[in-house]
Amino acid sequence: MSSKRIDNFGKINRDKIISFSWEKKNYFGYEGDTLASALLANNIKIVGRSFKYHRPRGIMSCGVEESGALVTIGSFEKRDPNVRATSQELYQGLEASGQNAFPNVNFDFGEINNYLSRFFAAGFYYKTFMGLPPFEWGSGTSIWMFFEKIIRKAAGMGKLSRLADPDSYEHAHDFCDILIVGSGPAGIAAAKEAADKKLDVILVEQDSLLGGDQIAEKEFDTNKTLDELKNLGVRVMNRTTAFGLYDNCVIGLIERITDHIYYDKKEIPRQRFWTIRAKHIIVGSGSLERHIAFNNNDIPGVMTVNAAKHYLNRYGVLTGKDIVIATNNDSVYNTADLLSQAGANVIILDSRKEIKLDNFNNNIQVKFETVPYSINGSRKIKSIDIADAKHQPYTKIDSISCDQVLISGGWSPAVHLLSHRGVKAKWNAENLCFLPGDTKENITMVGSARGIWNKSDCIKSGIAGALDAMNHMGLSKTNYFFPKEGGWSNPIQPLYEVKYNKSRSKSFVDYQHDVTADDVRLAHREGFISVEHLKRYTTLGMANDQGKMGNIIGLSLMADLLDKDIPEVGTTVFRPPYTPISIGALAGRNVGKHFRPLRVTPMHQWNLDNGAIMIDVGLYQRPWYFPKNNETLSEAYIRETTTVRKSVGVCDVTSLGKIAIQGPDATEFINRVYSNAFAKLPIGKTRYGIMLRDDGIVMDDGTSWRLSENEYLMTTSTAQAGKVMSWLEELLQTRWTDLKVNVTSVSEQWAAAAISGPRSREVIKNCLENPSLIENSNLPFMGFISANLKDGTPCRIVRISFSGELGYEIYIGSDYANSMMDLIWKEVQNYHGCLYGLEALGALRVEKGHVTGAELDGRVTIDDAGLGKMASTKKSYIGSAMRSRGTLIANKDREQLVGFFPVDKKETFDAGTIVCEKNNIKGSGIGRITSVTHSPELDHWIGIGFVQGGKEKWNNKTLIGSDPVRNKQMELEVVSPHMIDPEGKRMHA
Amino acid sequence: MIRIKCPYCGERDHSEFTYGGDASIKYPSLDASESEWTDAIFFRKNIKGFQKETWHHLNGCRMWLEVERSTITHEIKSVKPCHPDLQKLMELKK
């Protein structure tokens with residue numbers, strides 16, 4: 001093993017030394033290194049362990065297709081697993097370690113799997129662990145669940161820290177005329193051509209440097225190119241991956257901002273998630289070099305040919321001393337020359353009969369019609385056995401000692417982004433690769449992503465791509481043509497697998513998941529012959545690299561087995577993302593408190609100042625309870641409920657939806673929307689109303705007040721406020737376009753407080769400029785008035801009751817909410833009243849059997865809710881035709897709203913409890929409890945919910961409440977949902 | 001990643017809108033029979049190609065729009081207000 005840094009090669013900055021750690025030992029690299037190049041420079045060859053067999057793996061490429069050098073970067077909460085060492089830039093203090101190994105990648109106990117590999121063929125766990133072999137004992141039991149845990153532990157790659165991500169991420173949006181993916185020769189040519197025509201161009205490059213494959217050319221100057229592009233006005237985004245292409249030329253990018261430096265603050269985001277809308281997309285995403293399947297083709301020291309060129313010319317690292325290059329195409333010869341110049345002994349194995357090449361160094365030995373057969377060595381390469389390409393089955397004819405094997409089995413254009421658009425790739429038999437298919441969208445493929453292999457043609461294709469884009473955009477009508485794909489002097493020859501003639505070979509097709517050629521053959525034998533089945537059965541093309549290197553070999557093997565051509569076997573669809581994306585980038589800033597917007601009422605701070613503990617209700621935060629002297633939740637809400645029933649309490653009810661309905665047809669409109677009669681509601685009166693959906697199910701309930709002849713104020717539940725507003729707009733704009741009505745949301749404009757309890761009238765009296773307005777004669781139940789508070793602020797007072805007590809709600813302009821609360825609270829305290837929150841509000845309404853969202857859950861009809869008598873029989877309204885449709889009422893035993901008492905009055909229960917018949921406790925039972933509370937007035941727990949047949953059927957019979965989640969059962973008694981003051985004497989007082 | 005040209009607000013991202021439903025449905029009168037309502041509520045064509053659908057510009061001008069959209073490519077052929085009076089108004093504005 002002898003990879004080392006050499007002089008006179010590479011573009012790294014040798015003046016700047018960078019120290020980093022690998023497996024807790026310190027090493028040095030240079031500015032411009034990746035972790036992979038620095039590891040190679042330090043001659044570290046084993047950097048990973050394979051997924052299943054825990055075989056030692058080295059660095060196999062120099063880019064995003066890497067499937068050997070997957071490492072873990074950082075520690076503790078900064079720990080980032082499965083990072084490709086080949087794309088990780090080196091920085092001062094970088095901590096990296098191997099993964100999927102115990103105790104470490106150099107010596108891993110898991111390697112025993114390699115010797116037991118015949119038990120781990122494709123699909124082994126599905127077959128083996130359904131039951132215990134040999135007779136599948138335990139099959140059909142949960143034995144699989146037991147084994148699953150062990151298997152999951154043994155398989156898999158890096159481990160997450162399980163700590164919260166300390167970094168910040170950002171979402172950003174932008175627009176441009178042309179977005180170009182990839183800064184290879186084609187991408188740069190396209191960018192220059194388009195920018196020259198004054199178009200707004202964004203050029204995206206996943207690498208830190210521009211240039212693509214040209215970076216490995218000695219004479220290419222990446223900084224000069226960057227300057228040229230910037231001077232032309234091109235917006236260059238390096239360290240940015242185009243991970244997905246979507247409808248209408250929307251492209252998703254991940255910009256890596258601090259991944260290449262040491263950064264432990266939060267001010268700068270670690271990554272930025274871009275959504276960019278371009279008028280045209282040019283994809284010059286390049287192509288990826290394939291390997292060849294042969295025995296032991298994964299021993300550390302195996303690499304793609306082009307990677308060795310990049311390590312030499314970009315990083316100044318010569319990756320081997322005695323190098324064997326195995327190929328079937330022309331692309332390796334230039335690299336062989338370079339490696340030889342750098343001092344390596346190079347031998348080329350070319351499967352072809354003969355080739356003609358200009359400018360090739362004849363000192364390099366080329367063995368034609370020779371293929372790699374098997375590598376000898378386990379932790380490093382000792383030698384390679386070679387075979388005669390003409391004689392099948394292949395047999396070993398010779399052995400060459402070497403320390404590195406470079407492979408090139410051909411090139412696959414990166415058609416991923418076009419595949420995201422559902423465009424199928426076309427097989428090109430001449431160049432043995434899938435080429436991008438045709439699309440009608442504004443997307444143009446250029447360069448080697450189009451299957452063009454030589455640089456001058458790539459540049460031509462880039463210019464053609466820019467002209468194509470401008471023609472599409474209607475900016476020019478220039479004639480242009482794309483150079484033909486291909487471009488090698490000698491044709492490539494098919495070579496996917498060199499089949500080993502002994503059993504138990506390890507010819508890897510897909511390194512990432514340890515899929516071997518034998519696994520593909522096994523899948524074929526067992527009938528998994530479609531590409532999609534092949535993928536799922538063998539895991540070929542899954543995981544981190546998504547088959548970037550192995551897919552085509554797998555397809556060719558299956559084609560061979562089926563005696564078909566590759567295009568007939570088909571190809572799997574590539575889906576976003578092109579390379580893995582951190583979850584943090586997807587979440588952006590929508591984490592923690594910013595996960596969703598927060599809505600607060602105008603008296604939010606007032607509530608907090610007065611000791612409220614808040615609870616989330618939809619987007620709102622509402623007071624939950626107001627603890628006194630360290631009370632618990634239950635102590636507080638029981639005290640609050642009792643105080644309201646005995647004296648008076650005040651509660652913030654601002655979050656209810658409020659809609660102003662105005663216009664000459666307002667009455668007609670509201671009468672069509674609600675199921676109960678509204679046409680004759682007098683001015684100055686309010687009414688409880690129930691809205692149904694078109695299909696006859698309850699949508700929402702609330703009150704509406706008639707302010708004048710043509711003006712109403714509608715209130716809705718907090719949860720349905722937005723939906724009801726949209727629904728009213730839909731009806732007016734799409735169905736009843738002849739009605740002259742306007743609806744406006746005024747939820748934010750009005751603040752509201754409920755004052756409930758026997759002393760509430762006295763409290764309000766003391767708050768008003770004109771106390772007589774509140775007298776029973778002037779403001780009876782379900783009436784409302786306009787009045788002024790003592791300080792002169794105008795308000796509206798409505799007499800309605802959710803608590804069942806004498807109750808009012810005061811509505812006031814939002815800006816006056818705090819002064820109103822100060823005024824009311826002072827008076828409430830004079831009557832030893834309290835502030836109450838949502839928990840007490842719930843307790844009060846459950847005692848009264850009032851329904852809310854927990855009951856009106858989109859499955860309940862107005863009859864189920866016990867409110868059927870309210871529905872008008874004299875008019876037609878939304879849902880009237882459907883509320884009594886056959887399918888809804890055919891079942892006479894529909895679940896009806898009822899109240900529940902525990903038979904043993906000391907017993908408690910929870911919402912969600914399933915109600916069952918006594919000797920039939922199973923499944924979904926015959927009902928459910930939807931809301932529960934302790935009732936201070938009855939002094940035991942009560943609930944409301946639904947049961948088949950309702951109270952009539954279960955009167956005086958005992959049912960069972962089953963709560964399997966909390967492992968609880970209790971006996972229940974079915975009662976009327978109106979558990980307190982059923983005649984409503986109190987609220988009419 | 002649809003963008004809809006709202007006749008009032010201009011071209012906006014789909015995230016400002018909510019999808020309504022089939023715009024070709026003629027809802028029967030409220031006193032129509034159960035079977036007419038059943039047809040209007042439950043039966044939908046599964047169109048491959050252009051279909052008329054309603055979208056609500058929820059986080060914009062709150063107009064209900066009739067959008068002709070291809071279910072295959074998401075291409076949008078036309079956008080107009082659902083309300084005929086608003087349609088006329090938008091024509092005048094042009």
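Helices (H or I, at least four residues) and strands (E, at least two) are DSSP runs, numbered from the N terminus. The views below show a predicted model, with ipTM 0.98 and pTM 0.89.

**Cis peptide bond at A:Pro393, in the loop between strands S22 and S23 of chain A.** The bond joins A:Gln392 to A:Pro393. Its omega is about -5°. The loop that holds A:Pro393 follows strand S22 (383–388) and leads to strand S23 (396–401) of chain A.

**Cis peptide bond between A:Pro576 and A:Pro577.** Here both partners are prolines, and omega is about 0°. A:Pro577 sits in a loop of chain A, with helix H14 (566–569) on one side in sequence and helix H15 (583–587) on the other.

**Positive phi at A:Asn296, a residue other than glycine.** The phi value is near 60°. A:Asn296 belongs to the loop that connects strand S15 (287–289) with strand S16 (302–304) of chain A. Is A:Asn296 buried or exposed? A:Asn296 counts as buried because 23 other C-beta atoms lie within 10 Å, where the cut-off for a buried residue is 20 or more.

**Positive phi at A:Asp514, which is not a glycine.** Phi is about 55° for A:Asp514. The residue is placed in the loop between strand S29 (508–510) and strand S30 (515–516) of chain A. With 26 other C-beta atoms within 10 Å, A:Asp514 is also buried.

**Strand S10 of chain A, paired with strands S9 and S11.** In S10(A) (residues 201–204), A:Val201 and A:Leu203 point one way, while A:Ile202 and A:Val204 point the other way. All four of these residues are buried. Strand S9 (residues 169–181) of chain A runs parallel to S10(A) and is joined to it by four bridges. One bridge pairs A:Leu179 with A:Ile202 of S10(A). S10(A) also pairs in the parallel sense with strand S11 (residues 235–237) of chain A, over three bridges. In this second pairing, A:Ile202 has A:Arg235 of S11(A) as its bridge partner. Between S10(A) and S11(A) the chain passes through helix H6 (residues 222–231) of chain A, and the resulting β-α-β crossover is right-handed.

**Surroundings of helix H18 of chain A, a mostly covered helix.** H18(A) spans residues 666–673, and seven of its eight residues are buried. The buried residues are A:Ala666, A:Thr667, A:Phe669, A:Ile670, A:Asn671, A:Arg672 and A:Val673. Which elements do the buried residues of H18(A) pack against? Four are strands of chain A: S34 (657–662), S35 (686–692), S36 (698–708) and S37 (711–716). The remaining one is helix H19 (721–735) of chain A.

**Contact between domain 1 and domain 3 of chain A.** Chain A is divided into domain 1 (1–161), domain 2 (167–287 + 412–489 + 581–598), domain 3 (291–409), domain 4 (508–562) and domain 5 (891–980). Taken over C-alpha atoms, the centres of domain 1 and domain 3 of chain A are separated by 25 Å. Domain 1 contributes 24 residues to the contact and domain 3 contributes 23 residues. On the side of domain 1 that touches domain 3, strand S1 (4–5), helix H1 (35–41) and strand S5 (56–57) of chain A each give two or more residues. H1(A) has the largest share of that side, with three residues. By class, the side of domain 1 that touches domain 3 has 11 nonpolar, six polar and seven charged residues.

**Contact between chain B and chain A.** The contact involves 21 residues of chain B and 21 residues of chain A. Helix H1 (34–42) and strand S4 (50–56) of chain B each supply at least two residues of the side of chain B that touches chain A. The most comes from H1(B), with three residues. The side of chain B that touches chain A divides into 11 nonpolar, six polar and four charged residues.

**Confidence along chain B.** Chain B has a mean pLDDT of 94, and 100% of its residues reach 70 or more. Among the elements of chain B, the highest mean pLDDT, 98, belongs to S4(B). The lowest, 91, belongs to helix H2 (residues 84–93) of chain B. S4(B) also appears in the preceding view, as one of the elements that supply at least two residues of the side that touches chain A.

Key:
Residues numbered from 1 in each chain as written. Chains lettered and ligands numbered in written order. Predicted model: local features only at pLDDT ≥ 70, side-chain atom pairs only at ≥ 80, totals over all residues. Buried ≥ 20, exposed ≤ 12 C-beta atoms within 10 Å, placed from the backbone. Contact = placed C-beta atoms within 7 Å. Nonpolar A, V, L, I, M, F, W, Y, C, P; charged D, E, K, R; others polar. Pairing = 2+ DSSP bridges. Right-handed = clockwise from strand over helix to strand, strands pointing away. Domains from an automatic or database assignment. pLDDT = per-residue confidence, 0-100.
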